[in-house]
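This report goes through one protein model, from its domains down to single residues. Please keep the sequence and the 3D view at hand while reading.

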Amino acid sequence: MTKRFYITTPIYYVNGAPHIGHAYTSIAADVLARFKRMDGYDVFFLTGTDEHGQKVEAAARAAGLDTQAYTDTISQDFRDMTDAMGVSYDDWIRTTEQRHKDSCAALWKKIEAAGDIYLGHYEGWYSVRDEAFYDEGELVTLPDGSKIAEKSKAPVEWVKEPSYFFRLSAWQDRLLEFYEQHPDFIAPTSRRNEILSFVKGGLNDLSVSRTTFNWGIPVPDAPGHVMYVWLDALTNYITAAGFPDTTAPRWDFWPADVHFVGKDIIRFHAVYWPAFLMAAGIAPPTRISSHGWWVVDGEKMSKSLGNVVEPRVLAKTFGLDQIRYFLLREKPFGADGSLNHQAIISRMNVELANDLGNLAQRSLSLIAKNLDGKLPARGDATPEDSALLDAANALPDIVRLHMDRQTFHEALEEIWKVIRSANGYIDRQAPWALRKTDPERMAVVLRVLVDTIRVVATLLQPFMPASIGRMMDQLGVAPDARSLADLAVPLADGLALPAPQGVFPRYVEPVA
RNA sequence: GGCGGCGUAGCUCAGCGGUAGAGCAGGGGAAUCAUAAUCCCUUGGUCGGCGGUUCAAAUCCGUCCGCCGCUACCA
């Protein structure tokens, strides 16, 4: 039976334009999806847009558009951005689709039938902008008497309305037991500890319906109530797997293997979501992997500061693969990090152009010029040959381990250690000198280099699919033989290699 | 207020009980196959402060200072 792997991004909220943060999550998920496919898994990779809620309704009205027409436009913009980032999703879900409405209604009924939903009254402070309820203590009173949420600075209003509640308080012990039994459920560990301490501190029942607006999914048999946007949004992950049709082919993918999320929405995914699912008798996801923010030129990215980074512009300036590489290389996945032109150029020139691109170019040029472009055969390995080849051959297992933990920057660092070793190797072996003194040895050295670069390139495909695809072409690796398993089969001796061309050009600052 | 994390070379960080490390940046040299790329060597730190444990502490404990995260409460 084929190994299945289900990866999701959050569905992006359509109340604004896509920015680098959205692209980051999607690219990270894409890298894992591509890696898993390359490692023999049948992958289902889901992304899409979250389109309900009061904020969206208001934004549409402000834009003078019909709400559905408004969400159509924004959703398409997100989809264009996602495509432009080379994200290889298998399904694009929208919460306004009928399949999702059916799924939400079915999930609601299951939870209700289990006795975990009851009708009550909600009374308290609510922020439309955050789609969240706040306690008094989380608020700050402004000089004009109005109140805002201390953390998000979003205005709140006093709301009193009938509301359905999810009996979250009853799930505390079962959640803690679940976390205990699944130590890898939340990544990184620091976030796991925060969630643990939050749940240990006690849980309040959660208001899961609203009556003050209509742009949402109707609560079954409860006119006037629409579902709380987070219940609606989270459900997308099972909708796309076919829920409520548990005989759907895709249902075999559930539970999801990794939900990628930003650090701002961990609680929804790590507390509410498993509770909803367990209440409905559905298995919770396997892992919630959360990441940090990009800080731009030292400032938090925000619309008011005007420093919002458009991923399509970045890709156009530096190249898509260069940006994908930078985003996963520059900082640990779970941590915050800084994005600026100098840092991008440095990674691009030092690591991609100088270390990797130049290594491939100098190695392949020697084959083109001295061996008539024919791949030399392997020869007896010297200790130096073996040291390099052993390091390269150990990489797939090391990288797989890091991918499973989403420690992307460490995976890349391990790959770069081998690339740096290869540059040292070529210098010490000096095949350009061997050409005259010992042509046979020169051929063996060049073969060691090609074999090493092949392993490195294979592992880098998920990160930089287009560029590395070109490198694979130059290495003579057939398009249908580029998986991890294919590494076991040596390239054919005497294989004709195409003329090498630079894959990673240096970035030169345009003259102003 | 509680819980937790962090503070190590100019920068980003690893090390987490046994003579201070990596990458980048800086300096010197080699080589010239290659995208003026590469390789080798090298400058640089009293590992936030102060106490303690230990034969031995970035590494363990206490305390203080400074940042950050989660959370709570007062009003």
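The text below covers the domains and their contact, then the salt bridges, the two sheets and the unusual backbone sites of this predicted model.

## Domains and their contact

Chain A is divided by the domain assignment into domain 1 (4-329) and domain 2 (341-488). Between the C-alpha centres of domain 1 and domain 2 the distance is 40 Å. In the contact, domain 1 takes part with 22 residues and domain 2 with 32 residues.

The size of an interface is often given as the accessible area lost when the parts come together. For domain 1 and domain 2 the buried area is about 2600 Å², and carbon and sulfur atoms account for 67% of it. On the side of domain 1, Met-38, Tyr-325 and Arg-329 supply 31% of the area buried against domain 2, more than any other three residues.

The polar part of the contact can also be counted. There are 15 residue pairs in polar contact between domain 1 and domain 2, both residues being at pLDDT 80 or more. Salt bridges between domain 1 and domain 2 number four.

Which elements make up the side of domain 1 that touches domain 2? At least two residues each come from α1 (20-38), β13 (258-262), α10 (311-318) and α11 (320-329). Of the elements on this side, α11 gives the most, with eight residues. Sorted by class, the side of domain 1 that touches domain 2 has 13 nonpolar, two polar and seven charged residues.

## Salt bridges

The whole structure holds 31 salt bridges. In one of them, Arg-400 pairs with Asp-39, with 2.7 Å between the closest N and O atoms. Arg-400 belongs to helix α13 (residues 383-405) and Asp-39 to the loop between α1 and β2 (42-50), so this pair ties together parts that are 361 residues apart in sequence. Another salt bridge joins the side chains of Arg-329 and Glu-351, at 3.1 Å from N to O. Arg-329 is also one of the three residues named above for their share of the area that domain 1 buries against domain 2.

## The parallel sheet

Six strands with parallel pairing form an open sheet, in the order β3-β2-β1-β13-β14-β9. At its edges are β3 (91-94) and β9 (186-187), each of which pairs on one side only. The edge strand β9 runs parallel to β14 (residues 288-291) and is joined to β14 by two bridges. Within this pairing, Ala-187 stands opposite Ser-289 of β14.

## The antiparallel sheet

A second open sheet has four strands in the order β5-β4-β8-β10, with antiparallel pairing. Its edges are β5 (132-134) and β10, each with a single partner strand, so one side of each is left without a neighbour in the sheet.

How many bridges join β4 and β8? Strand β4 (residues 117-127) and strand β8 (residues 157-166) pair over 10 bridges. β4 and β5 are joined by three bridges, while β8 and β10 (residues 206-207) have two. Some of the residue pairs across these strands are listed here.

| Residue | Bridge partner or opposite residue | Strand of the second residue |
|---|---|---|
| Tyr-126 | Glu-157 | β8 |
| Trp-125 | Trp-158 | β8 |
| Ile-117 | Phe-166 | β8 |
| Ser-127 | Ala-132 | β5 |
| Phe-165 | Ser-207 | β10 |

The hairpin of β4 and β5 has four residues between the strands, and Glu-131 there takes a positive phi near 50°.

## Unusual backbone sites

Most residues other than glycine have a negative phi, and most peptide bonds are trans. Besides Glu-131, with its positive phi near 50°, Asp-372 departs from this pattern, having a positive phi of about 60° although it is not a glycine. Asp-372 sits in the loop between α12 (341-370) and α13.

Where are the cis peptide bonds described here? One runs from Ala-187 to Pro-188, with omega near -5°. Pro-188 is in the loop between β9 and α6 (189-200), and Ala-187 is the residue that stands opposite Ser-289. Another cis peptide bond joins Trp-254 and Pro-255, with omega about 5°. Pro-255 has its place in the loop between α8 (236-239) and β13.

Key: Residues are numbered from 1 along each chain as its sequence is written. Chains are lettered from A and ligands numbered from 1 in the order in which they are written. This is a predicted model: local features need pLDDT of at least 70, side-chain atom pairs count only at pLDDT 80 or more; totals for chains, interfaces and linings use all residues. Side-chain values use heavy atoms; hydrogens and water are left out. Two strands pair if DSSP finds at least two bridges between them. Domain bounds come from an automatic or database domain assignment. Contact means heavy atoms within 4.5 Å. Buried area is the accessible area (1.4 Å probe) that two parts lose on being put together, summed over both. A polar contact is a pair of N or O atoms within 3.5 Å; within protein, one must be able to donate a hydrogen and the other to accept it, and residues adjacent in sequence count only if both atoms are side-chain atoms. Ala, Val, Leu, Ile, Met, Phe, Trp, Tyr, Cys and Pro count as nonpolar, Asp, Glu, Lys and Arg as charged, and the others, Gly among them, as polar.
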